[in-house]
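Biologist: Hey, I've just opened this one and I'm new to it. Can you walk me through it?
Modeller: Sure, let's pull it up.

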Amino acid sequence: MREEAVLGNVMVDCGDEALLQRFYSELLYWEPCRMYGHCAVRSSNGVVFLFAAEPDYVPPVWPEEDGRQQKQMHFDFQVESVPQAVARAEALGAVKTAAQFGGKEEFVTLLDPAGHPFCLCKK
C-alpha cells in the first residue's frame, strides 16, 4: 500500500524574509512564525509559506520576457471582493502589474514586495 505524501510547506525565495513574512501575514491574516531557522507564515489549517533569503535573489519578470528571470509559479488567493482585496494588498506594498487579464472583478495580478506575481481571485 502506498503512503500519500503531504505538502509540508511552500518555500519562497526572496531578498528579505522578514519583509515577505510581514506582507503575507497581514495580507492573508496568517500567523507569523519561524520554521527551520527562517521567517514563515501559517494558516489556521496548517498551510505554511516559508521565506528563504537568497544573497543573489533576482525577482521574476511578469509577463515573461526572453532572457529575463521568469516566474516559476504563482499564488492564486480567493477573496470575497477583488477590488477591496487589491486596495488592501497595495496598501501593504503590493504593486498591480501593467498587464491584466482578469478584469477588475474576476482576478487581478499583483507583485509582492519581492517581485513574485500573485492573483487575487473572486471566490
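Biologist: How many of the six residues of strand 8 are buried?
Modeller: Five of them, so strand 8 is mostly covered, taking under 20% relative accessible area as buried. Keep in mind that this is a predicted model.

Biologist: Which sheet does strand 8 sit in, and what is the strand order?
Modeller: Strand 8 belongs to an open sheet of four strands, ordered 5-8-7-6, with mixed pairing.

Biologist: Which strands stand at the edges?
Modeller: Strand 5 and strand 6 (95–96) do. Each has a single partner strand, so one side of each has no neighbour in the sheet.

Biologist: Do strand 5 and strand 8 pair in the parallel or antiparallel sense, and over how many bridges?
Modeller: Parallel, over five bridges. Phe77 has Leu120 in strand 8 as its bridge partner, and Val79 stands opposite Lys122, also in strand 8.

Biologist: And how do strand 7 and strand 8 run?
Modeller: Those two are antiparallel, joined by five bridges. One bridge pairs Phe107 with Cys121 of strand 8.

Biologist: How many residues lie between strand 7 and strand 8 in their hairpin?
Modeller: Five residues. In that turn, Gly115 has a positive phi of about 95 degrees.

Biologist: Which strands does helix 2 touch when it packs on the sheet?
Modeller: Helix 2 touches strand 5, strand 6, strand 7 and strand 8. Its direction makes about 150 degrees with that of strand 8.

Biologist: Switching topic: how many aromatic pairs are there?
Modeller: A search of the whole structure turns up 13. One of them is Phe23 with Phe118, an edge-to-face pair at 5.9 Å centre to centre, with 65 degrees between the planes.

Biologist: Where in the chain are Phe23 and Phe118?
Modeller: Phe23 is in helix 1 (residues 17–28) and Phe118 is in strand 8 (residues 117–122), so to speak of distant parts is fair, given the 95 residues that separate them.

Biologist: Are Phe23 and Phe118 buried or exposed?
Modeller: Both Phe23 and Phe118 are buried. There's also a stacked pair, Phe49 with Phe75, at 4.3 Å centre to centre and 15 degrees between the planes. That pair links distant parts of the chain too: Phe49 is in strand 4 (residues 48–53) and Phe75 in strand 5 (residues 75–79), 26 residues apart. Phe49 and Phe75 are both buried.

Biologist: Which residues do ring pairs link into a cluster?
Modeller: Phe23, Tyr24, Trp30, Phe49, Phe51, Phe75, Phe77 and Phe118.

Biologist: What about the largest nonpolar core, which residues touch the most other members there?
Modeller: Tyr24, Phe49, Phe118 and Leu120, out of 25 residues in that core. Several elements supply at least two residues each, including strand 1 (10–14), helix 2 (82–91) and strand 7 (107–111). Helix 1 gives the most, with five residues.

Biologist: What does Phe49 touch, leaving out residues up to four places away in sequence?
Modeller: Val10, Leu28, Trp30, Cys39, Ala40, Val41, Phe75 and Phe77. Another core, of five residues, lies apart from the largest one, and among its members are Cys33, Met35, Ala40 and Leu50.

Biologist: Back to helix 1. Why does Glu17 count as buried?
Modeller: Because its relative accessibility is 14%, and the cut-off for buried is under 20%. Glu17 is in helix 1.

Biologist: Which backbone nitrogens does the Glu17 side chain reach?
Modeller: A polar atom of the Glu17 side chain lies 3.1 Å from the backbone nitrogen of Cys39, and the side chain also reaches the backbone nitrogen of Ala53 at 3.1 Å. Beyond its neighbours within four places in sequence, Glu17 is in contact with His38, Cys39, Phe51, Ala52 and Ala53.

Biologist: And Gln21, is that one buried or exposed?
Modeller: Gln21, also placed in helix 1, counts as buried at 13% relative accessibility.

Biologist: Which backbone oxygen does the Gln21 side chain reach?
Modeller: The one of Ala40, at 2.9 Å. Not counting residues up to four places away in sequence, Gln21 touches Pro32, Cys33, Cys39, Ala40, Val41 and Phe51.

Notes:
Residues are numbered from 1 along each chain as its sequence is written. This is a predicted model: local features need pLDDT of at least 70, side-chain atom pairs count only at pLDDT 80 or more; totals for chains, interfaces and linings use all residues. Side-chain values use heavy atoms; hydrogens and water are left out. Rings of Phe, Tyr and Trp (its six-membered ring) pair if their centres lie within 6.5 Å; planes under 30 degrees apart count as stacked, over 60 as edge-to-face and the rest as tilted. Buried means under 20% relative accessible area, exposed over 50%, partly exposed in between (1.4 Å probe, protein chains only). A nonpolar core is a set of buried Ala, Val, Leu, Ile, Met, Phe, Trp, Tyr and Cys residues joined through side-chain atoms within 4.5 Å. Contact means heavy atoms within 4.5 Å. A polar contact is a pair of N or O atoms within 3.5 Å; within protein, one must be able to donate a hydrogen and the other to accept it, and residues adjacent in sequence count only if both atoms are side-chain atoms. Two strands pair if DSSP finds at least two bridges between them. Axes are lines fitted to C-alpha atoms, for helices over the stretch in contact, and angles run from 0 to 180 degrees between N-to-C directions.
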